[in-house]
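Hi,

Here is the structure I promised to pass on. Have a look at it first, and then read on for what turned up.

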Amino acid sequence: MDDEHGSWYYAVQLRSLDGQRSGSASARAVTSTARKPRPPARRWSALTALAGRRQLSPATVVRIHATLQTALNAAVRARLIPLNPANGAELPHPRRPHPVIWTEGRTVRWQQAGEQPTVAVWTEQQLALFLAGMTQDRLYAAWWLAALRGLRRGELAGLRWTDVDLHASELTVAQQRVHADGQVVEGPPKSAASFRVVALDAESVRVLTRHREYQEQLCATAGSRWQNSGFVFTTAEGTPLRPDYLTGRFRQLVAASGLPPVRLHELRHGAATLALAAHTDLKVIQAMLGHASIVLTADTYVSVLPVVAHHVAQETARLVLSAASALGRELNA
């Protein structure tokens with residue numbers, strides 16, 4: 001994952017028939033396809049080639065189709081093409097993987113047989129161990145924000161100091177930096193709901209304050225080579241980090257930690273899971289993550305930590321046992 005689907009989605013948006021890139025080879029390829037409708041299977045083969053000659057997941061194909069369909073509908077309304085070739089396409093049926101917790105049993109199976117869930121989430125103890133070992137890493141603040149505040153990779157890469165208000169203890173997700181057409185581009189957040197204000201706790205404010213001080217030290221060391229880009233997460237010379245660098249760096253750190261593997265995007269799932277364990281309302285978690293639908297938050301992003309599940313089991317049994325005791329009845333088998 002690692003927000004790869006976001007990069008593909010953005011790339012296809014750039015290729016849409018909005019009049020801005022109609023002279024490009026990409027736009028001509030789409031227009032040519034529109035003039036001579038192909039069978040669904042051939043159309044999706046061409047779409048895969050257009051997306052970079054790589055195997056796309058069913059979920060990514062569905063998202064690309066939705067974007068293309070919208071663009072082509074606009075082309076039909078503008079009378080650039082007679083019909084929308086994306087209508088009636090046979091689409092795959094993606095199954096959203098549900099995140100699972102790296103319990104002790106799953107961790108043992110991973111260590112012994114390499115068995116790994118599709119989407120995995122650390123327990124609070126595992127996350128604490130990872131963060132404790134990363135306090136001196138120059139991107140500690142990025143890992144912290146992803147793990148506790150649920151920022152996406154592109155949102156971390158696109159975060160600017162003008163978006164951060166440490167006095168008000170909040171940051172604004174106003175843009176993202178993603179990979180498209182082999183380049184890093186800046187643009188609006190993934191959706192309207194993704195444009196959001198994220199509350200910061202006292203520790204998050206302290207972490208960002210320390211990171212800003214560290215960046216000021218980098219600026220002093222670089223001297224005239226420093227580029228005042230204004231981004232929160234930069235290279236040693238002030239240029240903004242590439243999103244894929246964040247992914248690669250996180251992967252290296254996780255491998256070195258000895259902890260069961262999680263991807264950078266899965267820290268976002270973990271942030272939702274931790275918020276639920278902290279008795280946060282699901283609507284608040286939805287807003288924190290920037291989801292348009294609470295169903296996506298509930299079904300795809302939130303898991304139940306073992307400690308929470310055991311607490312619920314104990315409390316449920318306690319209610320029944322208390323009711324039986326009030327009736328003067330014993331439930332001992």
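Q176 sits opposite G187, which belongs to strand β6. Before going further, please keep in mind that this is a predicted model.

Q176 is part of strand β5, and β5 pairs with β6 (residues 183-187) in the antiparallel sense, over five bridges. Another pair you can look up is H179, whose bridge partner in β6 is V184. The two strands make a hairpin with two residues between them, and D181 in the turn has a positive phi of about 55°.

Is β5 buried or exposed? Five of the five residues in this strand (residues 176-180) are buried, so the rest of the structure largely encloses it. In a regular strand, side chains alternate between the two faces of the sheet. In β5 both faces are covered: Q176, V178 and A180 are buried on one side, and R177 and H179 are buried on the other.

Next, the core. Nonpolar side chains in soluble globular proteins tend to be buried together. Here the largest nonpolar core has 41 residues, and W122, F130, W143 and F233 have the most contacts inside it. Several elements give two or more residues to this core, among them α6 (124-132), α8 (153-158), β4 (170-173) and α9 (202-222). Which helix gives the most? That is α7, with eight residues.

Last stop, helix α14. With 21 residues (306-326) at 1.5 Å a residue, α14 should span 30 Å, and its end C-alpha atoms are indeed 30 Å apart, so the two agree. After the helix comes G328, with a positive phi near 75°.

There is also a nonpolar patch on the surface, of about 390 Å², made by L319, V320, L321 and L331. One of these, L321, is found in α14. L321 counts as partly exposed because its relative accessibility is 48%, and the cut-off for exposed is over 50%.

If you want a place to start, open the hairpin and find Q176 and G187 facing each other, then move on to the four core residues with the most contacts, W122, F130, W143 and F233.

Cheers

Key:
Residues numbered from 1 in each chain as written. Predicted model: local features only at pLDDT ≥ 70, side-chain atom pairs only at ≥ 80, totals over all residues. Heavy atoms only, no water. Buried < 20%, exposed > 50% of the residue type's maximum accessible area, 1.4 Å probe, protein only. Helix = DSSP H or I, 4+ residues; strand = E, 2+ residues; numbered from the N terminus. Pairing = 2+ DSSP bridges. Expected span 1.5 Å × (residues − 1). Patch = residues over 30% accessible without salt bridge, like charges linked within 9 Å, V, L, I, M, F, W, Y side chains within 5 Å. Areas by Shrake-Rupley, 256 points an atom, 1.4 Å probe, with all protein chains shown as cover. Salt bridge = Lys/Arg side-chain N within 4 Å of Asp/Glu carboxyl O. Core = buried A, V, L, I, M, F, W, Y, C linked by side-chain atoms within 4.5 Å.
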